[in-house]
Amino acid sequence: MEKLLEWEAPEYTEHKKGADWYWYLALAAVLLLIYTAYERSFLFGVLVVIGWFTIMLFSARAPKTIKISISESGMQIDQILYPWQNVKSFWIFEQKGEISLELKKTLMPRIKIPLGEINPKTAREILSNFISEKEQNESLVDNLSDLMKF
């Protein structure tokens, strides 16, 4: 399998988080816990604590460097190959430096791939040979994670 384009990039954009960010996260968790006590929902309280703990772990973790390649058989991200027959379309968010692949899967309809130092025009030319380019909008989750610097 000949690689037409290959690069490395951090798996996500790292945002520097100050002490205020962690205080706001703790405040949100405490407010949700107060609400769970008011509603007497023990299970929701457990989910809030698990969610808070998970966000704390992931926010402190530095992004790992991933290897990305485009070949005639598909797009490979580290060890996972996304064959072209499983991909509907792509879109390049040039301002964010990301490729968005729209997959034919129901549970994971889109994946974002960092461009790193690759020229977006080069990636667009190669991807256009295999799948169609279709404009996509940022999802609510993407917008919220950008707003929260997560």
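In this predicted model, Y22 is partly exposed, with a relative accessible area of 26%, a value that lies between the limits of 20% for buried and 50% for exposed residues. W21, by contrast, counts as buried at 15% relative accessibility. The search of the whole structure for aromatic pairs returns two of them, and W21 and Y22 make up one: their ring centres lie 5.0 Å apart and their planes meet at 80 degrees, so the arrangement is edge-to-face, given that planes over 60 degrees apart are classed in this way. The ring of W21 is also accompanied by a charged residue, as K17 lies over the face of W21 at 5.3 Å from the ring centre.

The other pair is formed by W84 and F130, whose ring centres are 5.1 Å apart and whose planes make an angle of 5 degrees, so that this pair is stacked. The two residues belong to distant parts of the chain, 46 residues apart, with W84 located in the loop between β4 and β5 and F130 in the loop between α3 and β8. With respect to solvent, W84 counts as buried at 9% relative accessibility, whereas F130, at 28%, counts as partly exposed.

Among the strands, β3 (residues 74–77) and β4 (residues 80–83) pair in the antiparallel sense over four bridges, and within this pairing M75 stands opposite Y82 of β4. The hairpin that these strands form has two residues between them, and D78 takes a positive phi near 55 degrees there.

An open sheet is built from four strands in the order β7-β6-β5-β8, with mixed pairing. Its edges are occupied by β7 (110–114) and β8 (132–133), each of which has a single partner strand, so one side of each remains without a neighbour in the sheet. Within the sheet, β5 (residues 87–93) and β6 (residues 98–103) run antiparallel to each other and are joined over six bridges; in this ladder, W91 has S100 of β6 as its bridge partner. Helix α3 (residues 120–127) packs on the sheet, where it touches β5, β6 and β8, and the direction of the helix makes about 165 degrees with that of β5.

Note on methods: Residues are numbered from 1 along each chain as its sequence is written. This is a predicted model: local features need pLDDT of at least 70, side-chain atom pairs count only at pLDDT 80 or more; totals for chains, interfaces and linings use all residues. Side-chain values use heavy atoms; hydrogens and water are left out. Two strands pair if DSSP finds at least two bridges between them. Contact means heavy atoms within 4.5 Å. Axes are lines fitted to C-alpha atoms, for helices over the stretch in contact, and angles run from 0 to 180 degrees between N-to-C directions. Rings of Phe, Tyr and Trp (its six-membered ring) pair if their centres lie within 6.5 Å; planes under 30 degrees apart count as stacked, over 60 as edge-to-face and the rest as tilted. Buried means under 20% relative accessible area, exposed over 50%, partly exposed in between (1.4 Å probe, protein chains only). A charge sits over a ring if NZ of Lys or CZ of Arg is within 6 Å of the ring centre and within 35 degrees of the ring normal.
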